[in-house]
Amino acid sequence: MFVRSFYDSDGDGIGDINGLIQKLDYINDGGHSQRNDLGARCIWLMPVAESPSYHGYDVTNYYRVEPDYGTNADFKRLIAEAHRRGIKVLVDLVLNHASSEHPFFKEALRDTASAHRDWFVWSPKKPVNVAWGSEVWHHSPERDEYYYGLFWHGMPDLNYKTPAVREEAKKIARFWLREMGVDGFRLDAISFLVEENGQLLHTSGTHAFLREFSAYVRTVAPGAATIGEVWDSTGAMLPYYPDQLDAHFAFDISNAIIEAVRTSSAKKLFPPVMRLQRELPANRWAPFLRNHDQTRTMMELGGSVARAKLAATILLTLPGVPFVYYGEEIGMSGNKPDERLRTPMQWSRRHSAGFTRGHAWQPLQSDSSSANVQMQHADSGSLLNLYRRLIHLRAENPALASGDLVPLTTNSDVVAAYLRRNGASNVLVVINLGGTALSGVRVSSPDGALPARQYTLRNILDGQLAARLVVLSDGRIRSYVPFPTLGPMQSHLFDVFPRAR
């Protein structure tokens, strides 16, 4: 969630903490409604610390809430109200770099004898390192020298080879956990924390610091959660386990879901999920569709609400700890530049889509009159109401909440089929990814998929019964046809339970 774009309480056109408090019931109302909330039990806030930039990823004061958003007291009230509703709160912790406006950096620029000089990385001559085709060393005219800033000249990297920097990172974590009451952190750009011998990412120093930092967090708040951004392949992410952060975002799964829905093919959907399931407990990796740095799902899928529903269904029926970027649940659009990926939440058809009574900090998307909470709330078949149903179902159904994934085979690559199993709780998911109806779709499994017996299958979403399923002594599902015809871009979630004798 981007606080600047969620809800503006005071009419200045900028979303704020008090506005977020007013909208907490939309996220989770603590069980007081008939599922009119999303049912989410945790929110990750993009940076809320003081910063000169709209996005907040260049921090000038790690101990003060961005004044555009409110005060530290406002934030503490947010935590209390969120906890009252059963919502945990993670904040984005930006440790890789600070702002070029941070007092410590400005002091280090002026004075080579500054106690904070070694908090940053300097060079008298310009090294040749580049990243993403851009320079990472930036000229400082004050002393005709260069400083290291991987992402931008306004974000000088912090030097974690300096013990005082490591201690300051721990002090910041302790402040937000103990003084501000947060439940944990999302850590930005962690693969770039420590550079070694010209290597920009995935260094031994980075892993060593993350072990040190995570161990410290656990001593301060044993129940706190940490989740990291390693924007890379699963193979590059796995070395960040087992003793560093609690979890990391699963970019390969994100890409696999989007590709499966966009191409109407399940061929590449399961391998990245199965690799993580083999390697790690499901509570240690987090699938998602798109995030604040990526083209939104609706645009990736050509504006198709039907395909967005398929993507949501897959995301929320796979293992892991799923995250949903704000606005995805109503199909908001958005493409680069980054500001257009982070536009104001679309609440209604009123002025500024109900986000503010003033002039919104960023122009709304052109679809705000149709893709908004008010209209979709009233439509039982909307994308928003599908997200609500799936998130609540996931919380209530043991197989969907924490069951193992068993990929199934079908006689068509257009169909994705899989089991989620957790003890006596079993859910069969069958999804037609294509735009045409399919007849005679047959579903099969490996040995041991289910205990031998006859089963009744009832669709969790609409109560419709499927054909009887018979599993023999080897536990295999053999050429099972749940329905004579699967409708185009249609999803079925079946409760699988023993048939009464």
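Trainee: Which residues line the largest cavity?

Mentor: In this predicted model, the lining consists of P47, V48, A49, G56, V59, Y62, V91, D92, L93, V94 and W176. Strand β4 (residues 88-93) gives the most, with three residues.

Trainee: Why is this space called a cavity?

Mentor: The term applies because a 1.4 Å probe fits at its points but cannot get out. The volume of the largest cavity is about 80 Å³, and the structure holds three cavities of 30 Å³ or more.

Trainee: What makes a residue of that lining nonpolar, polar or charged?

Mentor: The residue type decides. Val and Trp are among those that count as nonpolar, Asp counts as charged and Gly as polar. On that basis the lining of the largest cavity divides into nine nonpolar, one polar and one charged.

Trainee: What makes the largest pocket a pocket?

Mentor: A pocket is an open set of points, with protein on both sides within 12 Å along at least five of seven lines. The largest pocket has a volume of about 1,300 Å³. It is lined by 50 residues, and R41, C42, V321, P322 and F323 are the closest to its centre. Helix α13 (383-396) is one of the elements that supply at least two residues of this lining, and α13 gives the most, with four. By type, the lining has 32 nonpolar, eight polar and 10 charged residues.

Trainee: Which residues are closest to the centre of the second largest pocket?

Mentor: They are F151, D188, D293, D338 and R342, out of 22 that line it. This pocket has a volume of about 570 Å³, and its lining divides into 10 nonpolar, four polar and eight charged residues.

Trainee: How do you know whether Q346 is buried or exposed?

Mentor: Its relative accessible area is 0%. Buried means under 20%, so Q346 is buried. Q346 is found in the loop between α11 (305-315) and α12 (373-377). Among the residues that Q346 touches are I330, M332, L364 and V373.

Trainee: Why is the pairing of the side chains of Q346 and D367 called a polar contact?

Mentor: The distance is 3.4 Å. The limit for a pair of N or O atoms is 3.5 Å, with one able to donate a hydrogen and the other to accept it; the pair therefore qualifies.

Trainee: How do you know that the buried residues F105, A108 and L109 of α4 are on the same side of α4?

Mentor: These three residues of helix α4 (residues 103-110) are buried. They cover an arc of only 105° around the axis, so they are on the same side of α4. What covers them includes β5 (122-123), β8 (137-140) and β9 (145-148).

Technical notes
Residues are numbered from 1 along each chain as its sequence is written. This is a predicted model: local features need pLDDT of at least 70, side-chain atom pairs count only at pLDDT 80 or more; totals for chains, interfaces and linings use all residues. Side-chain values use heavy atoms; hydrogens and water are left out. Buried means under 20% relative accessible area, exposed over 50%, partly exposed in between (1.4 Å probe, protein chains only). Contact means heavy atoms within 4.5 Å. The arc is that of the directions from the helix axis to the C-beta atoms. On a 1 Å grid over the protein atoms alone, a cavity is a set of points where a 1.4 Å probe fits but cannot get out, and a pocket is an open set with protein on both sides within 12 Å along at least five of seven lines; lining residues have an atom within 4 Å of a point. Grid points are joined across faces, edges and corners, and a volume is the space filled by probe spheres set on the points. Lists of a residue's contacts leave out its neighbours within four places in sequence.
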